[in-house]
Amino acid sequence: MKRLALRTGVRWKISIAIASVGALIAFALSLVVHNAARVSMLENARDLQMNRLLWAQRMHETAKPKAAEPKWGWGTKVNDPALPRQLKALLADGRQATYVQEHHTGAPDIWAAVPLSNGDVLSLHGRFADRSAAIMKDLDRALIIGSVSVVLAGSALGVLIGGQLSRRLRRAAAAAGNVAQGNTDVRVRQAIGGLVRDETDDLARAVDALTDELNARIEAERRVTADIAHELRTPVTGLLTAAELLPPGRPSELVRDRAQAMRTLVEDVLEVARLDSASERAELQEIALGEFVSRRVTALDPETVIHVVHESWVSTDPRRLERILGNLLANAAKHGKPPVEVTVEGRVVRVRDHGPGFPEELLREGPSRFRTGASDRAGHGHGLGLTIAAGQARVLGARLTFRNAAPGGAVTAPGGSSGGAVAVLWLPEHAPTNTGSFPILQLPD
């Protein structure tokens, strides 16, 4: 069962992380500052309440005659029945004490009590000062504004840092994609740029080192292949010449046929090696594509059905284009079934047979040398025809795609029922330059 994945960018991940950390820190600091300020104000209120009560105690003990319920200001009382029991417990040892009585709503009450010499309790009760409560509200408002500012600033910083990192990673990915498409001159480290050195540069250097190593191995493999094919050309040519001198007969025909097949293989291997070296250049000419394809296809296979939907003039290499058409027709003749159809529509050339279609491996990965396909398309050949066709298309700046057609003619995905193999050659709007470079095409499938 395929798991769903949520795709998010590095920029937003970093922004969310910084904003979350900033929010947590701001919340924690706000709580600490709020509690510290409240405790400090309550302690000041308790000290003030106790100082007032002590002054009232001195006045009470020196006043004569003593009244039954004397009043010396600030609301002091003797043996107040509303005295909290927690405060009474603190006074049991004959000590003076203060107590903060909290309420669910509103400001807390501040109590102060001292025992008198005659055993009575003198107490003072008052509300937390309104001015102190207003100060706390202003402090809370300032803390909220500061916390929101920290979160917004952290988010902006996260977007800035994450955006920079995201851009560097996207450049690295684009450069790596160019390398994967065969542009080995691209260097990921140069593509990402920047003055700051971070892990992205380490990744870029690792990719560049891997690219150099792979290029070295591919070049070594190409040279070995080209050398072997070149060394085989002379003896194979001699073998073919000797086979021509054999007396007529079935054995002689078999020898000549196998010698010719070996010579064709050697020539194909040399051509693949030249295409892999990326040193091939197109010799451009202006041609009418529909007329050119009609003449060449008719000469190669007169039974092929040709449709020219829309004529177009293109600048291309006729020899390489003929090579591509010849290989596509040969592949259709070997592995497909008639009728073979060639359609020209503008700059697009389609070659279709009515056989079992291309194997899934070729549809997924493209043509590969010495791979002739699945058993239903197997037979003779070495799998170099489509490889050479794709290589020649790259030299022309074109794109060669492979699809399977449904029995009704629609294009199918890999694994579906096939009504034939369809090879589509997309010729570029602009011809390659003298150096072999050409604009990257973004053509529909």
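This report walks through the fold, the main core, one helix pair and a few individual residues.

## Overall picture

The model is predicted. The protein holds ten helices and twelve strands. Of its 445 residues, 34% are buried. The exposed surface comes to about 26900 Å². Carbon and sulfur atoms supply 58% of that surface. Contacts often span long stretches of chain: among those between residues at least 6 apart in sequence, 62% join residues at least 24 apart.

## The largest nonpolar core

The largest nonpolar core has 32 residues. Within this core, Val 293 and Leu 425 touch the most other members. Both helices and strands contribute. The helices that give two or more residues are H7 (289-300), H8 (318-335), H9 (360-365) and H10 (385-395). The strands that do so are S8 (341-345), S9 (348-352), S10 (399-405) and S12 (421-426). H8 gives the most, with six residues.

Leu 425 is worth following in the viewer. Setting aside residues up to four places away in sequence, Leu 425 touches Leu 321 and Ile 324. Leu 425 also touches Arg 347, Val 348 and Val 349. The rest of its partners are Ala 393, Ala 398, Arg 399 and Leu 400.

## Helices H6 and H10

Two packed helices are described by the angle between their axes and the distance between the axes. Helix H6 covers residues 250-276. H6 packs against H10 at an angle of about 35 degrees. The two axes are 10 Å apart. The crossing of H6 and H10 is left-handed.

H6 brings Asp 268, Glu 271, Val 272 and Leu 275 to this contact. H10 brings Ile 388, Gly 391, Gln 392 and Val 395. By type, the residues of the contact divide into four nonpolar, two polar and two charged.

## Pairs across the sequence

The table lists pairs of residues with their separation along the chain and in space.

| Pair | Separation in sequence | C-alpha to C-alpha distance |
|---|---|---|
| Gln 49 and Ala 112 | 63 residues | 6.1 Å |
| Asp 80 and Val 121 | 41 residues | 7.8 Å |
| Leu 300 and Leu 325 | 25 residues | 9.0 Å |
| Phe 358 and Val 422 | 64 residues | 8.2 Å |

## Four residues in their settings

**Gln 49.** This residue lies in helix H1, which runs over residues 10-62. Its relative accessibility is 8%. The cut-off for buried is under 20%, so a residue at that value counts as buried. Beyond its neighbours within four places in sequence, Gln 49 contacts Ile 110 and Ala 112. Gln 49 also contacts Leu 124, His 125 and Gly 126.

**Asp 80.** Asp 80 sits in the loop between strand S1 (77-78) and helix H2 (85-91). Asp 80 is buried because its relative accessible area is 12%, under the 20% cut-off. Leaving out neighbours within four places in sequence, Asp 80 is in contact with Trp 111 and Ser 123.

**Leu 300.** Leu 300 belongs to helix H7. Its relative accessible area is 43%. Buried stops at 20% and exposed begins over 50%, so Leu 300 is partly exposed. Apart from neighbours within four places in sequence, Leu 300 contacts Leu 325, Gly 326 and Leu 329.

**Phe 358.** Phe 358 is in the loop between S9 and H9. At 7% relative accessibility, Phe 358 counts as buried because that value is under 20%. Its C-alpha atom is 8.2 Å from that of Val 422.

## A cis peptide bond

One backbone detail remains. The peptide bond from Pro 338 to Pro 339 is cis. Its omega is near 5 degrees. Pro 339 is in the loop between H8 and S8. Both of those elements give two or more residues to the largest nonpolar core.

Notes: Residues are numbered from 1 along each chain as its sequence is written. This is a predicted model: local features need pLDDT of at least 70, side-chain atom pairs count only at pLDDT 80 or more; totals for chains, interfaces and linings use all residues. Side-chain values use heavy atoms; hydrogens and water are left out. Helices (H or I, at least four residues) and strands (E, at least two) are DSSP runs, numbered from the N terminus. Buried means under 20% relative accessible area, exposed over 50%, partly exposed in between (1.4 Å probe, protein chains only). Contact means heavy atoms within 4.5 Å. Accessible areas come from the Shrake-Rupley method with a 1.4 Å probe; for residues, only the protein chains shown count as cover. A nonpolar core is a set of buried Ala, Val, Leu, Ile, Met, Phe, Trp, Tyr and Cys residues joined through side-chain atoms within 4.5 Å. Axes are lines fitted to C-alpha atoms, for helices over the stretch in contact, and angles run from 0 to 180 degrees between N-to-C directions. A crossing is left-handed if the near helix is turned anticlockwise from the far one by less than a right angle, and right-handed if clockwise. Ala, Val, Leu, Ile, Met, Phe, Trp, Tyr, Cys and Pro count as nonpolar, Asp, Glu, Lys and Arg as charged, and the others, Gly among them, as polar.
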